[in-house]
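Q: Could you take one part of this protein and go through it closely? I would like to understand the surroundings of one acidic residue and then see how they fit into the chain as a whole.

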Amino acid sequence: MRRIAVGDVMTRDFVFLESTATLHECAKKIVRERVNNIPITKNKRLKGIISSRDILWALTKKPSLNLKKINVMDIATRKVAVITPSADISQALLKMRSLNF
């Protein structure tokens with residue numbers, strides 16, 4: 001059986017935001033790009049990830065929030081994990097399970 005590498009199936013042209021973006025910019029990008037999660041980067045390095053659910057949670061907890069004044073990193077999940085494109089898919093699954101993703 002042929003070994004399948006992460007790089008064989010991963011998305012290479014993905015949507016991302018810089019860590020300086022606001023929640024308003026993030027929400028607009030989620031809608032425009034039709035995605036549910038957006039990686040957050042700083043100087044081309046992964047710093048976190050934010051989901052549409054994170055934004056909804058923030059709005060539910062504090063309905064008076066001004067999304068234009070809140071930085072994405074204020075509510076982004078900072079616990080992120082990475083794996084090399086050359087890693088085997090089974091290694092990626094094991095890592096995801098061990099980290100409860």
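A: What follows starts from aspartate 54 and works outward to the rest of the chain. The model is a predicted one, and every value below is computed from it.

Aspartate 54 sits in helix α3, which covers residues 52-61. Although aspartate 54 is buried, it has no salt bridge, and the nearest side chain of opposite charge, that of arginine 53, is 6.9 Å away. Since a salt bridge is counted here only when a side-chain nitrogen of Lys or Arg lies within 4 Å of a carboxyl oxygen of Asp or Glu, the separation of 6.9 Å from arginine 53 does not qualify. What the side chain of aspartate 54 does reach is the backbone nitrogen of serine 51, at 2.9 Å. Serine 51 falls within strand β3, which is made up of residues 45-51.

Leaving aside residues up to four places away in sequence, aspartate 54 touches Ile49, Ile75 and Thr77. Of these contacts, isoleucine 49 belongs to strand β3 and is partly exposed, because its relative accessible area is 33%. Isoleucine 49 also takes part in a nonpolar patch on the surface, which it forms with Leu46, Val80 and Val82, the four together having about 290 Å² of accessible area. Isoleucine 75, another of the residues touched by aspartate 54, can also be placed relative to tryptophan 57: their C-alpha atoms are separated by 9.5 Å, while the two residues are 18 apart along the chain. Tryptophan 57 lies in helix α3, as aspartate 54 does, but tryptophan 57 counts as exposed because its relative accessibility is 52%.

Just before strand β3 comes the loop between β2 (37-42) and β3, where asparagine 43 is located, and lysine 44 is found in that loop too. Most residues other than glycine have a negative phi. Asparagine 43, however, has a positive phi near 55°, and lysine 44, which is not a glycine either, has a positive phi of about 65°. Both residues count as exposed, asparagine 43 because its relative accessibility is 65% and lysine 44 because its relative accessible area is 81%.

A useful counterpart to aspartate 54 is another buried acidic residue, aspartate 88, which counts as buried because its relative accessible area is 15%. Aspartate 88 does form a salt bridge, with arginine 3, the closest N and O atoms being 3.7 Å apart. This pair links distant parts of the chain, with arginine 3 in the segment before α1 (6-9) and aspartate 88 in the loop between α3 and α4 (89-98), 85 residues apart. Arginine 3 counts as partly exposed because its relative accessibility is 49%. A search of the whole structure finds 1 salt bridge.

Seen as a whole, the protein chain has 4 helices and 3 strands, and from the N terminus on its elements run α-β-α-β-β-α-α. Of its 101 residues, 29% count as buried, and aspartate 54 is one of the buried residues. Among contacts with a separation of 6 or more, 54% are accounted for by residues 24 or more positions apart. The C-alpha atoms fill a box of roughly 55 × 25 × 25 Å, taken along the principal axes, and the chain exposes about 7700 Å², of which carbon and sulfur atoms supply 55%.

Key:
Residues are numbered from 1 along each chain as its sequence is written. This is a predicted model: local features need pLDDT of at least 70, side-chain atom pairs count only at pLDDT 80 or more; totals for chains, interfaces and linings use all residues. Side-chain values use heavy atoms; hydrogens and water are left out. Helices (H or I, at least four residues) and strands (E, at least two) are DSSP runs, numbered from the N terminus. Buried means under 20% relative accessible area, exposed over 50%, partly exposed in between (1.4 Å probe, protein chains only). Lys and Arg count as positive and Asp and Glu as negative; His and the chain ends are not counted. A polar contact is a pair of N or O atoms within 3.5 Å; within protein, one must be able to donate a hydrogen and the other to accept it, and residues adjacent in sequence count only if both atoms are side-chain atoms. Contact means heavy atoms within 4.5 Å. Patches are made of residues with over 30% relative accessible area and no salt bridge: like charges are joined within 9 Å, nonpolar side chains (Val, Leu, Ile, Met, Phe, Trp, Tyr) within 5 Å. Accessible areas come from the Shrake-Rupley method with a 1.4 Å probe; for residues, only the protein chains shown count as cover.
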